[in-house]
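Work through the following exercises with the sequence and the structure open beside you, and try each task before you read its solution.

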Amino acid sequence: MNKGYTDALEDGRQIYIPDWSATIQFENLTQVCKILGQDNVIAIATDKNVPAAMLAVMNAEDNKEATEIVMWCVQQARIDGEKILPSTLNSLGMATIIEVFAHVLHSQYSDFFVSGLAKAHSQSK
């Protein structure tokens, strides 16, 4: 059993994201794909692609849903051992929020997408 994901943000602060259960992973994956688009989610999760995360959020059809899913995901993380709370979320700033969001998607889904199966198109026959 994994014990979670650790990495460093661009500014050097340590980030930790606990593992989600498979049920929560699938529920959140379907939700984030509906809101931000599956190709965007694959790009973000596979490579911790912060620019792809920025574009996905900016191009989301429903800004409220996009904001809610990003903020919920970010609140699952800890920076320098401190859980991100609704009361501290805004003090992070947009750049850090989107960077943490990319880490969250990467931490939960990179192994799923690395297999290549999610990127493959269906066979015609």
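The exercises below go from the whole chain to single residues, and the model they use is a predicted one.

**Exercise 1. The chain as a whole**

Task: Work out how many helices and strands the chain has, and describe the pattern they follow along the sequence.

Solution: Begin by counting the elements, which gives six helices and four strands. Next, read along the sequence from its start, where the pattern comes out as β-β-α-α-α-α-β-β-α-α. Then turn to burial, for which a residue must have under 20% relative accessible area; of the 125 residues of the chain, 38% count as buried. Finally, look at the contacts between residues at least 6 apart in sequence, of which 66% join residues at least 24 apart.

**Exercise 2. The sheet**

Task: Find the order of the strands in the sheet, and explain why strand 1 and strand 4 each have one side without a neighbour.

Solution: As a starting point, trace the four strands, which form an open sheet in the order 1-2-3-4 with antiparallel pairing. Strand 1 (5–8) and strand 4 (82–83) stand at the edges, and because each has a single partner strand, one side of each is left without a neighbour in the sheet.

Now take the pairs in turn. Strand 1 and strand 2 are antiparallel and pair over four bridges, and within this pairing Tyr5 has Ile17 of strand 2 as its bridge partner. The hairpin that these two strands make has five residues between the strands, and Gly12 in this hairpin takes a positive phi near 95 degrees.

At the other edge, two bridges join strand 3 (residues 78–79) to strand 4, and these strands also run antiparallel. Here the bridge partner of Ile79 is Glu82 in strand 4. Between strand 3 and strand 4 lies a loop that contains Asp80, a residue that has a positive phi of about 50 degrees although it is not a glycine. With a relative accessibility of 46%, Asp80 counts as partly exposed.

**Exercise 3. The two sides of helix 4**

Task: Check the length of helix 4 against its expected span, and then decide how its buried residues are arranged around the axis.

Solution: Take the length as the first step. Helix 4 (residues 63–74) has 12 residues, which at 1.5 Å a residue should span 16 Å, and the end C-alpha atoms are 16 Å apart, so the two values agree. The expected span is 1.5 Å times one less than the number of residues, which is the rule this step needs.

For the second step, list the buried residues of the helix, which are Ala66, Ile69, Val70, Cys73 and Val74. Seen down the axis of helix 4, these buried residues fall within an arc of 130 degrees, and they therefore line one face of the helix. The face turned away from this buried side carries Lys64 and Glu68, which are exposed.

To see what covers the buried residues of helix 4, look around them, where the covering elements include helix 1 (22–36), helix 3 (50–58), helix 5 (86–89) and helix 6. Last, look at the start of helix 4, where a side-chain oxygen of Asp62 comes to within 3.0 Å of the backbone nitrogen of Lys64.

**Exercise 4. Surroundings of Ile84**

Task: Decide whether Ile84 is buried or exposed, and find which residues it touches.

Solution: Locate the residue before anything else: Ile84 lies in the loop between strand 4 and helix 5. Its relative accessibility is 3%, so Ile84 counts as buried. When residues up to four places away in sequence are not counted, Ile84 touches Val74, Gln75, Ala77, Ile79, Leu89, Leu92 and Val100. For one of these, compare sequence with space: Ile84 and Val74 are 10 residues apart in sequence, and their C-alpha atoms are 7.1 Å apart.

**Exercise 5. Helix 6 and the sheet**

Task: Describe where helix 6 lies relative to the strands, and use Ser107 as an example of a residue in this helix.

Solution: Start with the helix itself, since helix 6 (residues 94–114) lies across strand 1, strand 2 (14–17) and strand 3, running at about 45 degrees to strand 2. Ser107 belongs to helix 6 and is buried, with a relative accessible area of 16%. Not counting residues up to four places away in sequence, Ser107 touches Tyr5 and Ile17, which were met in Exercise 2 as bridge partners. The side chain of Ser107 also makes a polar contact, at 3.2 Å, with the side chain of Gln108.

Methods. Residues are numbered from 1 along each chain as its sequence is written. This is a predicted model: local features need pLDDT of at least 70, side-chain atom pairs count only at pLDDT 80 or more; totals for chains, interfaces and linings use all residues. Side-chain values use heavy atoms; hydrogens and water are left out. Two strands pair if DSSP finds at least two bridges between them. Contact means heavy atoms within 4.5 Å. Axes are lines fitted to C-alpha atoms, for helices over the stretch in contact, and angles run from 0 to 180 degrees between N-to-C directions. Buried means under 20% relative accessible area, exposed over 50%, partly exposed in between (1.4 Å probe, protein chains only). The arc is that of the directions from the helix axis to the C-beta atoms. A polar contact is a pair of N or O atoms within 3.5 Å; within protein, one must be able to donate a hydrogen and the other to accept it, and residues adjacent in sequence count only if both atoms are side-chain atoms.
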